[in-house]
Every structure is written in structure tokens, then in C-alpha cells.
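Please have the sequence and the 3D structure open while reading. The text below walks through a few helix contacts and one loop residue.

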Amino acid sequence: MLLKSKFKLATAIGIILSMLSLLVHLFLANYSAGGLTKGSMHMDDVLPFGQRPRPRRLWGPLRKLDHLHPFVNPSKSYAAPSKHNGFIYAKIYGGFEKIQSSICDLVAVARLLNATLVIPEIQATTRAKGISPKFKSFSYLYDEDHFIDALSNDVAIVRGLPKDLREARKKIKFPTVSPRNSATPEYYITQVLPRLVKSKVIGIIVNGGNCLQSILPTSLEEFQRLRCRVAFHALRLRPQIQALGSQIVGRLRASGRPYLAYHPGLLRDTLAFHGCAELFQDIHTELVQHRRNQMIKRGTVKEQLTVDSVSRKMAGLCPLMPEEVGLLLQALGYPPTTIIFLAGSETFGGQRMLIPLRAMFANLVDRTSLCSQKELSDLVGPEDPLASDLPQPPPPKSEKQLIEEWKRAGPRPRPLPPPPARPFYAHEKEGWYGWIGENDTEPDASPIEFRRQAHRLLWDALDYFVSVEADAFFPGFHNDGSGWPDYSSLIMGHRLYQKPYGITYRPDRKIVAALFENVSDHRYHPPRNWTIAAREHLNRSAGVEGVMSSAMLSRPVSFLSHPLPECSCRTPKSPAVQPVKDSNGRLLFGGEKECPDWMARSLAMASAKNSEPQNEDYEDELPEDDSSPDMQQESDRSDVNKSSEQDEEMDPDD
């Protein structure tokens with residue numbers, strides 16, 4: 001009997017302890033979910049409108065780079081040359097980034113040869129049939145009048161050849177040259193100038209951009225400043241593009257929040273050049289390999305058709321996937337409500353490549369979600385209608401024709417007629433998807449495809465404007481080593497010139513690939529040491545260390561990707577920086593001259609007037625515990641974010 005009583009007592013004690021344990025667990029769960037703070041008042045409840053504090057380490061400005069300022073005035077008297085050796089006209093093939101780089105080089109070449117430059121022709125627009133007559137060639141993207149006026153003291157620029165020379169050009173009486181990539185100034189002096197002096201007119205065909213080498217001799221330092229004046233001042237987008245770009249920026253910031261611009265860099269040509277086909281599946285791999293085979297036949301690629309794409313990615317030669325970019329942004333601490341602007345007119349693989357990034361950051365928007373169809377159509381201008389490039393079904397047959405065919409069909413019994421051909425749908429003919437299963441060779445571009453190529457120039461120009469103005473920029477692919485100008489690097493160079501204190505990430509893709517290799521099995525729940533390592537690398541890439549390492553890679557390829565030190569100046573009180581030189585002893589960073597006194601005084605006055613206290617300093621290495629909230633209010637504007645929830649700085653390890 002005593003044994004039974006002891007057993008009952010032990011059972012009762014066990015039940016009581018279990019109930020206490022359950023209550024403790026429920027209490028802790030309620031506390032971690034915020035149940036105890038449910039009735040607390042947030043800052044958004046007090047200040048629903050207006051500017052709110054934001055973390056400096058996520059959105060800038062960077063104090064270590066705020067002493068750099070754009071300055072491209074000539075260091076001495078720099079009047080236009082009086083001697084006239086002839087006219088230079090040019091045809092530029094390629095996308096927006098190649099056009100932007102080529103025009104800057106052509107102006108420098110015209111100055112070098114003391115020639116008059118005819119407004120360059122953009123072939124992507126001249127080959128397009130029936131585009132808007134309001135804009136033609138150069139004026140399709142840029143403001144012609146401003147371009148001519150801004151460079152009047154540097155180079156003589158005309159809209160076209162004189163009438164007599166124009167007729168001779170149509171009869172192909174003038175020589176043309178096609179300079180190789182990164183041609184030297186000596187090439188133009190020794191090979192092009194004699195032919196120009198002899199014929200008075202010469203044509204330059206630019207295929208891949210960079211028709212002049214990036215790093216010029218010290219004696220040609222003024223030509224580097226001239227390139228900056230062209231790229232960042234004279235090449236102003238036409239007013240319609242600027243106006244719509246400003247509207248997009250205003251809509252992105254309408255809620256009082258900053259925004260981050262992201263360019264994936266997933267271009268078919270880039271993937272084919274570097275051999276990244278195996279990163280995709282099925283038809284996309286075939287499309288990349290087909291383009292790579294074309295490059296091998298043209299001599300652009302000197303390697304085999306099939307390479308190990310995984311090893312290429314580990315070497316940093318392939319773009320970061322949108323999923324990886326989203327995980328890196330999470331590791332940096334960007335909240336899931338961050339507004340991300342998707343730049344670029346082409347993302348190979350389509351919208352399905354963006355699904356993981358959109359799942360992590362719901363406010364992923366682009367020009368199509370921020371602009372109405374009418375606004376985009378007005379930017380394009382009135383165009384002549386073109387026949388669709390979709391296959392048309394055969395015309396229907398009358399009953400009489402069907403009876404005649406039946407009578408001519410031969411003796412009975414007859415075999416069943418073949419089933420009707422499978423219909424083609426619009427999505428199967430967009431881009432390159434319509435021919436890959438039918439033919440081994442890619443069909444020639446149709447008139448409507450030429451028109452789409454011209455439209456892509458507009459979309460790239462529009463997104464370029466929005467990306468330069470962004471509070472932060474993250475490239476999916478830059479410094480690719482191909483020798484061609486790339487879109488992201490031009491944006492990064494423009495931001496470094498215009499506002500070096502802004503957050504611009506310059507990730508080393510080789511380091512990033514190694515980081516993801518270490519967490520390949522649990523990348524969505526990485527350990528805390530992985531998050532800290534990713535943060536440290538990306539924060540360093542946005543600061544002085546990233547600028548210096550990027551200079552070693554980008555400047556030898558494209559001067560506009562790193563327009564330092566010639567195109568900037570330092571304030572007198574700027575901290576001392578160890579100069580960085582290339583293998584030939586040329587300065588890449590740290591050799592900027594001091595800003596003139598008048599500029600230093602105006603900068604000091606502007607800084608004193610606009611200085612505002614910041615709630616958090618930017619540091620190269622973030623503290624281990626980084627959970628302070630950034631209270632911001634969601635906009636109820638439907639095209640940016642449809643919810644009004646608390647925006648807290650996210651700790652991915654919580």
C-alpha cells in the first residue's frame with residue numbers, strides 16, 4: 001500500500017513539472033514573437049511622413065571617400081585646335097555600354113588628330129526600320145545640341161559632312177579603318193593621320209567599343225579629362241529619357257525610403273564568352289553554346305566549345321545568380337522590404353531566374369512596373385507598323401477547294417490525313433526560343449528584331465540613369481576581363497566620379513563563389529561565421545579597399561570604369577592615402593590633385609549647410625550583433641509596396 005502511494009506521488013510530481021515546463025516554453029515563445037511588446041509604440045506611429053534615420057552602413061555616405069569630388073576642368077588653356085586635318089565620321093556597333101565608351105574615345109581621337117568629328121552613327125538605330133522619325137541615330141539616345149555646345153572648346157563637331165563630301169561618301173570614295181580593341185595613340189598618329197590628311201575624310205568602324213587604349217601616357221593626361229567631360233557632362237541623355245528617369249527615381253523614393261539598384265549581368269554574349277552554359281538547364285544551355293560556337297568561328301573565343309562551367313564560376317568568371325545576390329543582401333542586413341530596382345534590358349533565362357530573389361525581397365521592381373505603357377511608348381515615339389515575325393497559319397480553304405482536293409486524292413481506301421501542325425505561341429518566338437528545336441543555325445534577325453534592339457538601347461539608357469542616382473548599387477557581373485566595356489562597370493565608374501561617397505559594392509566573385517561553396521547544403525540557413533565573413537568582404541568592397549582593388553582590374557580595361565585620379569580632386573583636409581600604381585608605375589588611385597581654393601570654399605559652405613546628424617556610422621567591419629531596428633514606414637503606393645508593415649533591419653541569423 002505504501003509503495004502505491006509513493007508511485008502516485010511521483011506521478012503527480014512528474015505531471016506538475018511537465019505542466020511547468022510547458023508554461024515556460026509557451027512564455028518564451030510568446031516573448032520571442034514579440035508578444036510582450038505588442039502594445040509598445042513605434043516611431044512610425046509618431047512620424048508617419050517625412051525623412052527617417054537610416055543606417056549609414058547600408059546606405060552611406062562613406063566618410064572615407066567623401067573627400068573626393070568631380071573635377072575635370074582643363075589644367076591649362078585648352079582652346080579648340082586651329083589646324084584642321086579633315087573630317088572623321090564613325091559607325092558604332094554594339095549595345096549601350098559600347099556606344100557610351102566608343103563616343104568618348106572618338107572625341108579623344110578627333111582631338112588627337114586635330115580633326116572635325118561628325119556626329120557618330122549608332123548602327124542599332126540606323127538598321128531598325130520604321131522607328132520614330134523624331135529621333136535619328138545619335139539623337140535616339142543623346143542630346144545633340146548639348147553635345148556640340150559642351151565640347152565646343154575641345155573639338156569641332158558637326159552634324160554631317162558638307163554636301164559635296166556627302167555625295168562622295170555615298171560612292172565609297174573615302175577610306176575606312178576598323179581599329180582593334182584598345183588601339184594606341186601611336187596607331188592613330190602613324191596609320192590613320194596620313195590617310196586623313198591625304199583624303200580629308202576618313203571613316204572609323206567601331207565594333208566592340210574601346211577604340212582607344214584605357215591608360216594613356218602621362219603626357220596625354222588632358223585627354224583623360226576630356227574623356228570624363230564627354231562621358232559625364234557632354235553625353236547627356238535626351239530630355240525625354242531624363243524626364244522619365246527622374247520620374248522613376250521620384251516614384252522609388254516616394255515613400256521616403258532609399259532604394260538599391262541591381263544589374264544581374266546575365267547576358268547571352270557574356271555567358272557564351274566565359275563558358276558559363278552549364279549554370280543553366282535545357283534549352284538555355286543550348287542557346288549559350290550556340291552563341292559560343294559562333295564566337296569561336298569568328299575568332300572572338302580562342303578556347304574549346306565545351307568547358308567546365310563550375311570551375312569557371314569558382315574562378316570568378318561567371319555572373320552571380322540572383323538567388324546568390326539575394327542571400328548576400330540578406331547577410332548585409334538589408335530588410336526584406338528593401339526596394340530593389342532591376343536594371344538592364346536583358347536577363348538571360350527570363351523572369352524565372354528572378355523568382356528566388358523576388359521571394360526574398362518582395363519590392364523588386366523594374367521600369368515596366370514603375371511606368372505605364374503610354375509613358376514607355378512616348379519615350380519610343382511614333383513608329384510605323386511592322387508585320388509580326390510569328391508564323392502565320394495557312395489561309396482557310398473554301399468548301400469547293402476541299403471537294404476538288406478530295407477528288408484528286410486517288411483511289412480508296414485512303415490513309416488518314418496528317419494531323420494539323422502544332423500552333424506556335426507568342427512566347428515561343430520571343431528572343432531566341434523559336435528556332436533552337438527546329439534548326440541548327442540561328443535565323444537572320446527580322447525587321448521587328450532590329451527594332452527591339454533599338455528599343456533595348458532606350459531601356460538601358462533609362463536604367464543607367466536610375467542606377468547612377470540610386471542610394472546603393474550591386475553588380476551581378478563586372479570587370480569580366482573580356483576587354484569589352486560592360487554595363488555595370490560603367491555605372492560604377494560614373495558613381496565613383498559623381499558621388500564616390502555613395503554605397504557601391506564591388507564584390508570579388510571568386511571569394512563569393514568560395515563562400516557559397518562552403519555552405520552549399522544549407523545556404524538559406526548559413527552559420528553566423530559565414531554571415532560575418534560575407535558582410536566583411538562586401539563592406540570592404542564598398543570602401544577604399546574595394547576601390548583600390550577594383551582599380552587594378554577595371555582601369556586597364558576601361559578608363560570610364562575607374563576615372564581616377566585624373567577626373568577628381570581632393571579637399572585640402574582629406575586624409576593621406578597611399579597611392580596605388582599598376583605594373584608600369586602609373587597611378588590608379590591616390591594621386592588626385594587638391595581641389596582649387598574656390599571649389600574647397602564652396603564645398604565647405606555646402607557641407608556646413610547640409611550637414612545632418614546620422615544615427616549610425618559606416619564601418620569596414622560590422623559588429624557581431626547587429627540588430628538595431630531601422631524604423632521606416634511602408635508606402636501604400638501599389639506599384640512599390642502594397643503593405644504597410646514595420647521595416648526592421650534584418651539579422652539573418654535570428
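What follows takes three helix pairs in turn and then a single serine. The model is predicted.

Two packed helices are described by the angle between their axes and the distance between the axes. Start with helix α10, residues 239-252, and helix α17, residues 373-380: their axes lie 9 Å apart and the angle is about 155°. Angles over 145 degrees count as roughly antiparallel, so α10 is roughly antiparallel to α17. The crossing of this pair, α10 and α17, is left-handed. From α10, the residues in contact are Gln240, Ile241, Leu244, Gln247 and Arg251, and they meet Glu375, Leu376 and Leu379 of α17. The contact of α10 with α17 comprises 4 nonpolar, 2 polar and 2 charged residues.

Helix α10 also packs on helix α20, which spans residues 447-468; here the axes come within 9 Å and cross at roughly 50°. That angle makes α10 oblique to α20, and the crossing of α10 and α20 is right-handed. On the α10 side the contact uses Ile241, Gln242, Leu244, Gly245, Ser246, Ile248, Val249 and Leu252, while α20 supplies Leu458, Ala461, Leu462, Phe465 and Val466. By class, the contact of α10 with α20 holds 10 nonpolar and 3 polar residues, with no charged ones. Ile241 and Leu244 of α10 appear in the contact with α17 and again in the contact with α20.

The third pair is helix α4, residues 96-112, and helix α9, residues 221-234, with axes that come within 9 Å and cross at roughly 135°. This crossing angle makes α4 oblique to α9. The crossing of α4 and α9 is right-handed. Helix α4 contributes Gln100, Ile103, Cys104, Asp105, Val107, Ala108, Arg111 and Leu112, and α9 contributes Phe223, Leu226, Arg227, Val230 and Ala231. The contact of α4 with α9 contains 9 nonpolar, 1 polar and 3 charged residues.

Now turn from helices to a loop. Ser137 sits in the loop between α5 (123-126) and α6 (144-150). Is Ser137 buried or exposed? Its relative accessibility is 9%, and the limit for buried is under 20%, so Ser137 counts as buried. Which backbone atom does the side chain of Ser137 reach? The partner is the backbone nitrogen of Ile122, at 2.9 Å. Leaving aside residues up to four places away in sequence, Ser137 touches Pro120, Glu121, Ile122, Thr125 and Thr126. Ile122 is thus among the residues that Ser137 touches.

Definitions and conventions: Residues are numbered from 1 along each chain as its sequence is written. This is a predicted model: local features need pLDDT of at least 70, side-chain atom pairs count only at pLDDT 80 or more; totals for chains, interfaces and linings use all residues. Side-chain values use heavy atoms; hydrogens and water are left out. Helices (H or I, at least four residues) and strands (E, at least two) are DSSP runs, numbered from the N terminus. Buried means under 20% relative accessible area, exposed over 50%, partly exposed in between (1.4 Å probe, protein chains only). A polar contact is a pair of N or O atoms within 3.5 Å; within protein, one must be able to donate a hydrogen and the other to accept it, and residues adjacent in sequence count only if both atoms are side-chain atoms. Contact means heavy atoms within 4.5 Å. Axes are lines fitted to C-alpha atoms, for helices over the stretch in contact, and angles run from 0 to 180 degrees between N-to-C directions. Angles under 35 degrees count as roughly parallel, over 145 as roughly antiparallel, 65 to 115 as roughly perpendicular and the rest as oblique. A crossing is left-handed if the near helix is turned anticlockwise from the far one by less than a right angle, and right-handed if clockwise. Ala, Val, Leu, Ile, Met, Phe, Trp, Tyr, Cys and Pro count as nonpolar, Asp, Glu, Lys and Arg as charged, and the others, Gly among them, as polar.
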